[in-house]
Amino acid sequence: MALVGESGCGKTVSALSILRLLPEPPAKITSGEIIFAGRDLLSLNAKQMREIRGKKIAMIFQDPMTSLNPVLTVGEQLIETLLRHKSLNKKEVLKISAQLLGKVELPSPEDKLKQYPHQLSGGMRQRVMIAMALACEPKILIADEPTTALDVLIQAQILELLENLKKETGMSMLLITHDLGVVTEIAERVMVMYAGEGVETGATKDLLDSPHHPYTKGLISSRPHLGSTREKGQRLTEISGSVPTPHQRPTGCAFHPRCDWSTEQCKTKKPLLQNTNQNRQFSCHLQPESI
């Protein structure tokens, strides 16, 4: 499942909420449920959540340089995860750590265990983060912008690696991104997020070929297309304005100030999620054929 939307739509906050990693205060989950394996994660205490994090649900964070501890070697950081969740001695842990680095296709894994994050390239650091996330064979992997700040070639390698690992281990993956090209390559289903809420969900091909929500349509239209007939110097299509902050959320539909199809109803009444016979959901007062 890919979670897409502009910066500020609430993608990362939603992911951190699943693992209850948002500091309280200032953050607070006021309502709803987070159901995993039949249990509501919001009902668990701190000790119970520590048993879930890393072991059952793992996360790859946005920036591998700031996510890895700069004063600890790669091996020390991998070992910490394994010792926390598995009954192993240090010799066994070192062997498994090297195997994990080999699994994410890092050359000379035994040598990499002795190195510090600053001695590795951006792509290598991201592979270390993936190895740490997979150390305890989680059921769900949350990948938050796993290709941010990497060059195009390395991005493709990381995405291919994640896809292969997903097939090999059978884990589910929640991919957070604003790159629709990445979504096309790797995701089976997509949720489009705006102002903290999901506004459209569906199978990837169906959603990208036939968007039902004006915001989804705007995101797709703003992508550059290879072989486009756009004239030289002509600007790309864009969505005017920006995502509202939580304390400036407009009444009615949150997207109406930026929407080319908004009506008076959109300004006063919040639309509910509608289900279609194509296993799609979208929240808009208008029907898809009207936009």
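**Why these labels? A chat about the model**

Colleague: Why is R258 called buried?

Modeller: R258 has 6% relative accessibility, so it counts as buried (buried is under 20% relative accessible area, exposed over 50%, partly exposed in between, with a 1.4 Å probe and protein chains only). Keep in mind that this is a predicted model, where local features need pLDDT of at least 70, side-chain atom pairs count only at pLDDT 80 or more, and totals for chains, interfaces and linings use all residues. Residues are numbered from 1 along each chain as its sequence is written, and side-chain values use heavy atoms, with hydrogens and water left out.

Colleague: Where does R258 lie, and which residues does R258 touch?

Modeller: Look in the loop between α11 (214-221) and α12 (264-268). Leaving aside residues up to four places away in sequence, R258 touches E6, Y194, I239, S240, G241, S242 and V243 (contact means heavy atoms within 4.5 Å). With the side chain of E6, the R258 side chain makes a polar contact at 2.9 Å; the term needs a pair of N or O atoms within 3.5 Å, and within protein one must be able to donate a hydrogen and the other to accept it, while residues adjacent in sequence count only if both atoms are side-chain atoms.

Colleague: What makes α11 largely enclosed by the rest of the structure?

Modeller: Six of its eight residues are buried, so the label fits. They are P214, Y215, T216, G218, L219 and I220. The cover over them includes α9 (180-186), β7 (189-194), β8 (197-203) and α10 (204-209). Helices (H or I, at least four residues) and strands (E, at least two) are DSSP runs numbered from the N terminus.

Colleague: Why is α4 called roughly perpendicular to α5?

Modeller: Helix α4 (residues 74-85) and helix α5 (residues 90-103) pack at about 110 degrees, with axes 9 Å apart. That makes them roughly perpendicular, since 65 to 115 degrees earns that name, under 35 is roughly parallel, over 145 roughly antiparallel and the rest oblique. The contact is made by V74, L78, I79, L82 and L83 of α4 and V93, L94, I96, S97, L100 and L101 of α5.

Colleague: And why are α7 and α8 called roughly parallel?

Modeller: The axes of helix α7 (residues 122-134) and helix α8 (residues 152-169) cross at roughly 15 degrees and come within 10 Å. The two are therefore roughly parallel to each other. Here G123, Q126, R127, I130 and L134 in α7 meet I154, Q157, I158, L161, L162 and L165 in α8.

Key: Axes are lines fitted to C-alpha atoms, for helices over the stretch in contact, and angles run from 0 to 180 degrees between N-to-C directions.
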